[in-house]
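Here is a walk through one protein chain and its ligand. Start with the whole, then follow the parts.

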Amino acid sequence: HEADAYRTDLMTITRFVLNEQSKYPESRGDFSILLSHIVLGCKFVCTAVNKAGLAKLIGLAGETNVQGEEQKKLDVLSNEVFVKALVSSGRTCILVSEEDEEATFVAPSKRGRYCVVFDPLDGSSNIDCGVSIGTIFGIYMVKDDHEPTLDDVLQPGKNMLAAGYCMYGSSCTLVLSTGEGVNGFTLDPSLGEFILTHPNIKIPKKGKIYSVNEGNAKNWDGPTAKYVEKCKFPNDGSSPKSLRYIGSMVADVHRTLLYGGIFLYPADKKSPNGKLRVLYEVFPMSFLMEQAGGQAFTGKQRALDLIPEKIHERSPIFLGSYDDVEEIKALYGAES
Ligand code: AHM
Ligand code: MG
């Protein structure tokens, strides 16, 4: 009967968020409007990703195709779509995108109260070969919308109001948290709507999978090396963990969220701050992990406590099942 309810109850993401927001009498519906613009961006990117091979959208930015139309790389195109959708929502004041060097301050006439940090199309190395990629976003509230400053986005991740990602995989899945748990929605292409398919996601307390680019092992520090060694050769009688690594953060984190385990992008000798960006990669994913009952750690502290100093700052990150992250915390703690 439960499955039947899903089939006929069509809990769309818009309906879901409107229900959530109606608990707050002061809510003016601005968040729902903002989210609907993010959802529009995700639907566009999903369509573009699915057509990429056919439409020969893949190519160098600025290249011209036979029709004389300018071809854009998917990541450039996705960025344009998200920026325009967010500005036209009338609910944003500062945008930080992985694709843009500088933050965008929205003109006063179109300004709202939300700051959105996002990576419009993450997993660049997987774009041209059809492997899962995704969009990641986090949302802050501006302090004073008459005078937005960069400090409004240089806030610790725990101040985010909401965070989420959309995965363009075998299906298009949007995972969202507004600070009250995590919910997953799958795009029904025939309806063009995201339908609630994964209510109240909780990550298993302990997992059997680790996910890391082991090609960097030569340059790892002691605790990371020791942890991965223990995944392969456990000394407590448990079975070795399986390795899964796609190289798209959204896909690797999505699997970790659903199946449990740990995702690592550690520091190494070549990249002392790791690779992933604090504002629009590390924070949103850490927010979701904590909301699902997992943990996120930088090697020094709880990831969501970090205060970024620059919008494109990087940080090492270890996130996933509560117990697995607990182990890596112990290893780093033991070192200092
Ligand atoms: P990108 O923003 O250039 O796409 O890089 C981010 C991606 C993440 O999706 C993924 O977790 C990581 O880079 C993989 O990096 P590596 O190829 O070094 O393992
Ligand atoms: Mg990225």
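How many helices and strands does the secondary structure of the protein chain come to? There are eight helices and 13 strands. The radius of gyration is 20 Å, close to the 20 Å that the globule rule gives for 336 residues, so the chain is as compact as a globular protein of that length. Keep in mind that this is a predicted model.

Along its principal axes, the C-alpha trace spans about 60 × 50 × 50 Å. Of the 336 residues, 45% are buried. Take the contacts between residues at least 6 apart in sequence: 62% of them join residues at least 24 apart.

Next, the interior. The largest nonpolar core has 90 residues. Those with the most contacts inside this core are Val-96, Cys-115, Val-116, Val-117, Phe-137, Val-153 and Leu-288. Follow Cys-115 outward. Neighbours within four places in sequence aside, Cys-115 is in contact with Thr-92, Cys-93 and Ile-94, and also with Tyr-140, Val-142, Asp-152 and Val-153. Val-153 thus appears both as a contact of Cys-115 and among the core residues with the most contacts.

Now turn to a sheet. Five strands form an open sheet with mixed pairing, in the order β10-β9-β11-β13-β12. Its edge strands are β10 (242-243) and β12 (295-297), and each pairs on one side only. Inside the sheet, β11 (residues 262-265) and β13 (residues 317-320) run antiparallel, joined by four bridges. Leu-264 has Phe-318 in β13 as its bridge partner.

Gly-320 also lies in β13. Is Gly-320 buried or exposed? Gly-320 has 33 other C-beta atoms within 10 Å, and 20 or more make a residue buried, so Gly-320 is buried. Sequence neighbours within four places aside, its contacts include Ile-262 and Phe-263, and β11 spans residues 262-265. Other contacts of Gly-320 include Ile-203, Gly-207, Met-289, Gly-294 and Val-325. Asp-30 lies elsewhere: Gly-320 and Asp-30 are 290 residues apart in sequence and 31 Å apart in space, C-alpha to C-alpha.

Thr-256 is another contact of Gly-320, and it leads to helix α6, where Thr-256 is one of the buried residues. Why is helix α6 (residues 249-259) largely enclosed by the rest of the structure? Nine of its eleven residues are buried, so the helix is largely enclosed. The buried residues are Met-249, Val-250, Ala-251, Asp-252, Val-253, His-254, Arg-255, Thr-256 and Leu-257. After α6 comes Gly-260, with a positive phi near 90 degrees.

Two of these α6 residues, Met-249 and Asp-252, also belong to the surroundings of ligand 1. Which other residues surround ligand 1? They are Glu-98, Asp-122, Gly-123, Ser-124, Ser-125, Asn-213, Gly-247, Ser-248, Tyr-265 and Lys-275. The shell divides into two nonpolar, six polar and four charged residues.

Finally, look at Asn-126. Asn-126 is found in the loop between β3 (111-122) and β4 (133-141). Asn-126 has 19 C-beta neighbours inside 10 Å, so it counts as partly exposed. Beyond residues up to four places away in sequence, Asn-126 touches Val-131, Ser-132, Ile-133, Gly-247 and Ser-248. Gly-247 and Ser-248 are also among the residues around ligand 1. Asn-126 and Ser-248 are 122 residues apart in sequence, yet 7.0 Å apart in space, C-alpha to C-alpha.

Methods
Residues are numbered from 1 along each chain as its sequence is written. Chains are lettered from A and ligands numbered from 1 in the order in which they are written. This is a predicted model: local features need pLDDT of at least 70, side-chain atom pairs count only at pLDDT 80 or more; totals for chains, interfaces and linings use all residues. A residue is buried if 20 or more other C-beta atoms lie within 10 Å of its own, exposed if 12 or fewer, and partly exposed in between; C-beta atoms are placed from the backbone. Helices (H or I, at least four residues) and strands (E, at least two) are DSSP runs, numbered from the N terminus. A residue is near a molecule or strand if its C-beta atom, placed from the backbone, lies within 6 Å of it. Ala, Val, Leu, Ile, Met, Phe, Trp, Tyr, Cys and Pro count as nonpolar, Asp, Glu, Lys and Arg as charged, and the others, Gly among them, as polar. Two strands pair if DSSP finds at least two bridges between them. The radius of gyration is taken over C-alpha atoms; the globule rule is 2.2 Å times the number of residues to the power 0.38. Two residues are in contact if their C-beta atoms, placed from the backbone, lie within 7 Å. A nonpolar core is a set of buried Ala, Val, Leu, Ile, Met, Phe, Trp, Tyr and Cys residues joined through C-beta atoms within 7 Å.
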